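Me: I am learning how the labels used for protein structures are earned, and I would like to go through a few of them slowly. Could you take the structure below and set each value against its cut-off?

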Amino acid sequence: MRDYNFKEFEKKWRKRWEESGIFRTPTRLPGGERGYYLLEMFPYPSGKLHMGHVRNYAIGDTLARFNRRNGKKILYPMGYDAMGLPAENAAIKNKVKPADWTKRCVSEMKKQQLSLGLSYDWERMINTSEPSYYRWNQWIFKRFYEKGLAYRKKGAINWCPSCRTTLANEQVEDGKCWRCGAAAEVQVKKQWYFRITKYADDLLEGLDGLKGWPRAVIQQQRNWIGRSRGAVIDFKIENTDRTIPVFTTRADTLFGATFLLISPEHPEAEEIARLGTSDPGEVKAFINRTVTTSVSERETRVKEGIPLGVKAVNPVNGRAVPVYLANFVFMEYGTGAIMSVPAHDQRDFEFARKYGLPVIEVIRGEQEKFDGSCAYEGEGKLVNSGEFDALDSAEARKKITGYLQEQGSGRSTVEYKLRDWLISRQRYWGTPIPVVYCEKCGPGAVPDDELPVKLPDDVEFTGRGNPLERSESFLSARCPECGAPARRETDTMDTFVDSSWYFMRYINPDSEDKPFDREDTDRWLPVDQYIGGIEHAVLHLLYSRFFTRALNELGLTGVKEPFGNLLCQGMVLKDGAKMSKSLGNTVDPQKIIDDYGADTARLFILFASPPEKDLDWSDEGLKGGYRFLRRLWALVSEEAEAESAGGDPDTELDGFINRTIMEVTGDIRDEFHFNTAIARIMELLNFLKKYPAGAPGRRKGVETAVSLIGPFAPHAASEMWQMLGQSGFLDEEPWPRYDKKVIMETEKVLEVPVTVNGRLRGTVEMPADAGKEAALKAARDDGKVKEFLEGKEIRKEIYVPGKIINFVVG
RNA sequence: GCCGAAGUGGCGGAACUGGCAGACGCGCACGGUUCAGGACCGUGUGGAUAACACCGUGUGGGUUCGAAUCCCACCUUCGGCACCA
C-alpha cells in the first residue's frame, strides 16, 4: 500500500487543476441559461489566513465542486478588499508604501488560499486598490452625483484623533474608534454622503422577498432601517409666528405634553432662545458643552437641559408649555424636537422630576396605569383629553392626527432611523473622490475621460493628518468649467464603497469602457449563494443592496437585489473564546495544512459543526478527520489491488450505497449540513469494511465513497479516484445518482419498536406493509412484550406502520 | 431594557412533518500488534443497579397512546441594538 503522502498528491492535483483550466467560468451561456453564481465575501488582505477564512472557503468550495458536478455553470471568483487603514498604518510604522505593502499581502494571502486547493476562477481576481478597479468607484460616484445621490453637507461627525479620520456613527464602538480604539471626538466638517435614505422604503420592502436569507439578518436590517409611523405636530411659539415642529409616534398622548425639548444641535436653537428671556451666553455655553462632548461621555451622561424662556402652544388645547434644550434629544432623528409627555415616557418623566415640571396622566391601561412613581408607556384608554376621552390609543392617534391635519397644525408622517451614508474619509489609502474646487465655479466633477484620479506617489506618512493634503502633485488641478487652477478634493471614499459592487465587477473583470456589462449582470445576478460572516449582517449587505438599486435606476443593471441566498457562518472559537492574539489562543491554518494537509483541515472544519453555528476548534477532533481519510485511503488501496470478484452487490449493500448517496446529496443541497453528510460517508466506510476486498459490489461502494467525499477532500479524493483506475478528473465526473427502488428493497422488512404505555419493551421484525392485525399479533407474541401485557387489560392499541406499536394497558 | 439565537453524555454534535434519544467523531477503558512509546487494528462506552425495575434532552407545568420536538411560565448563555420620541 502506498503511503498517504498528502504533501505530494495535494501539490500534484493543484497543478493539474491549474493547467487544465477546468474551473474556469463557462464564458458563453447558451441562450436563456442561467449561470450559478457562488460567492464568498472577499477578504481584507491581511497577509495571514485565519480559521474563519478557512471555514468560509471550505463551505464555498464544497458547494462549488458539488454544484459543478451537478451540471451547474459556476462562477466562483476570489478577490481582495485591499483599501483601508492597515496599509496606511504599516506605511507610518515601517516606511513602506501602502501599494507595495498591499501587493505583498495579497500575494501572501493568495499563496495560502492556493494551498487549500480552492476551485476559484483565478483569472477573474480583482484588487480594489488598483486604479483599474477604483476608477469605476469614481465613475459610479459621478453618476450618483449627477442624480443627486451623492452630495455634500455639513454635520457634526465623529473624529478619531489617533487615525485623524472621520468615523461613521456605526464605526464608533463604545465611544471608541472601531479600528484603533482611541476615544472618538466630535467635529463639524463638510462631508460627502450617499443618499441611501431615498431607498429606505424600498430596502425595507425588498426584505420580504429575500426568502433565502437568515431570519435574524432580515430582522437586523429591518431594525436598522427603523421605519416608524407617527406625526409631526406644530407648536406655535407664544406671541410669534414661528412654529416648532415635533415628531412623535404617540399622538394619542398629546394632551399630556407639558414641555418641549429641542436638540442642542438644532440649527434654530439659538434663534429660538433669543425670542425668550434666557441668557444667550448660558444657552451658548450649554450648546457648546453638549455638542462637543465626546461620544463615550454622551452615552453615559445624565439627562440635562436648559430652559429657553420661551413657551409653545399645544395646538390641541391651547396650553402654553415651556421649551428646553436637552442633551438626550437627537437632531438626526425626526425633527430634532420632541413633545414631552412625562406621564407616559420614562425619559421625559425623569426630566420632569429633575426640573419640577408638571405631569398629566392621559392614558389608562386595562391592567396597569400611571401611578406617579414612573411613566406608564403602554397603550390604553384616553383620559384628561377633552373630546378624545375614552378612545383607545390606536384609534386616538388617528383621530387626533386627523384633527390636527384639518387645523393645519399637524400631519401623519413616517420616520426612519436609517441615515445617509457618510463616505468621506480623511485618509490616503482609499478611492479619491473625483471632484475639484474652483474659486470661481465652486465644486465640479472631474470629466470621465480624466478618470481615474490616481493616488499620488509624492507622499509622506507621518501619522498626522491626511497625506493627500500635503501632496502638491495631487492637489493642483484645473477647473473643468473655466480651466482656472483649482484644488482637488482630498477626501477618499469609505472602503464599503468598494465592496458594494465588487460582485458585479467579477462578472466583467477586464471591462475597460464600463464597470460591467448590463446583460451579463442580468444573466449572473442575483448571486445564487453568498457566504460570509454574520458581522456584516447590516452594513455591507445593506450598502450593497442600496448600490444595486441605485445602479438599477441608472439603467446599468436590470437586477435590484444583489444576493438571492445568504449563508452566515458562525465564528471559529478556541476553548469557547474568540481567537485573538491578545488571548494567545490562535490556531494557524498554515501549520495545520503543513502537518495534516489541506484536505484534513477542510474536512474537519466542516465536520465539527453545522456552518451557521459557532465552532470550537479542537486539535483532537482534527486528528479524527485525518484518521478517516487514511482509513478510506487504505480501503481504496486494498480494493484497487484485489482481484475483483465481479458480480452485483447484495441487496443490503446496494441499499446502503444508494441510501448514502441520497442522504449526502440532501444534506449538502438542502441544508448545508456538511457535518452529517460527512458522517454518512464515514458510515459507508465502516459498512464496507465488513466485506472482504474484492467481494461483489464492494468496489462500487468504494468508488461511491470516494466520489462523495470529493467536494470535501478534493485532493485525496482525486488521487484515490485515480488509484481505482479512473483516468478523468473526479471534478468532471457527474455526481452519483441513487435509485429509490433499490433503497425501498431494503426497507421491505423492518424492525418495529413495541412499547407498552410508551415504554420500549421489544422490537419485532415485520414487512413494511404489514396489516394492523398481523402486526399487533406479532407484537403481542414477542416474549418480553407478552410479559408486560400479562394479566392486564389492553385499553388501546396503536400501530403506525413501519414506525411503532404501542399498547395502552390498565 | 428591547430584538434575535440557543440550552441534549466527559466533549463537538445527530434525531425527517411528534414515534427505539445520543448517529458520526473525539476522549476514555479493555484486548491485539510493538523491545517500548507512538501509530494502527478490534471490542465496549448516557446515569444508576449484582441484575431487573428505574432515571435521563436547562427548570416547572400542560396537550398526547407517545414530546428533545407542540403550548404556557420561568432560568441560563451567546450575539446585536440602545436615551429613536
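The exchange that follows concerns a predicted model and takes up aromatic pairs, burial and a charged patch.

Me: What makes the pair of Trp136 and Trp139 edge-to-face?

Reply: The structure holds 53 aromatic pairs. In the one formed by Trp136 and Trp139, the ring centres are 5.7 Å apart and the planes stand at 70 degrees; because centres within 6.5 Å make a pair and planes over 60 degrees apart count as edge-to-face, the label follows. Both residues lie in helix α5 (residues 131-146), three residues apart, which is about one turn of the helix.

Me: Why is Trp136 called buried, and why Trp139?

Reply: Buried means under 20% relative accessible area. Trp136 has a relative accessibility of 2%, so it counts as buried, and Trp139, with 15%, is therefore buried as well.

Me: What makes the pair of Tyr151 and Tyr193 stacked?

Reply: Their planes are 20 degrees apart, with 5.7 Å from centre to centre, and planes under 30 degrees apart count as stacked. This pair links distant parts of the chain, since Tyr151 belongs to strand β5 (residues 150-160) and Tyr193 to strand β9 (residues 185-194), 42 residues apart. Both Tyr151 and Tyr193 are buried.

Me: Why does Arg630 count as partly exposed?

Reply: Its relative accessibility is 41%, and partly exposed covers the range between under 20% and over 50%, so the label fits. Arg630 is found in helix α20 (residues 619-641), and together with Arg627, Arg631 and Lys689 it forms a positive surface patch.

Note on methods: Residues numbered from 1 in each chain as written. Chains lettered and ligands numbered in written order. Predicted model: local features only at pLDDT ≥ 70, side-chain atom pairs only at ≥ 80, totals over all residues. Heavy atoms only, no water. Patch = residues over 30% accessible without salt bridge, like charges linked within 9 Å, V, L, I, M, F, W, Y side chains within 5 Å. Areas by Shrake-Rupley, 256 points an atom, 1.4 Å probe, with all protein chains shown as cover. Salt bridge = Lys/Arg side-chain N within 4 Å of Asp/Glu carboxyl O. Lys, Arg positive; Asp, Glu negative; His and termini not counted. Charge placed at Lys NZ, Arg CZ, Asp CG, Glu CD. Helix = DSSP H or I, 4+ residues; strand = E, 2+ residues; numbered from the N terminus. Buried < 20%, exposed > 50% of the residue type's maximum accessible area, 1.4 Å probe, protein only. Phe/Tyr/Trp six-rings, centres within 6.5 Å; stacked < 30°, edge-to-face > 60°.
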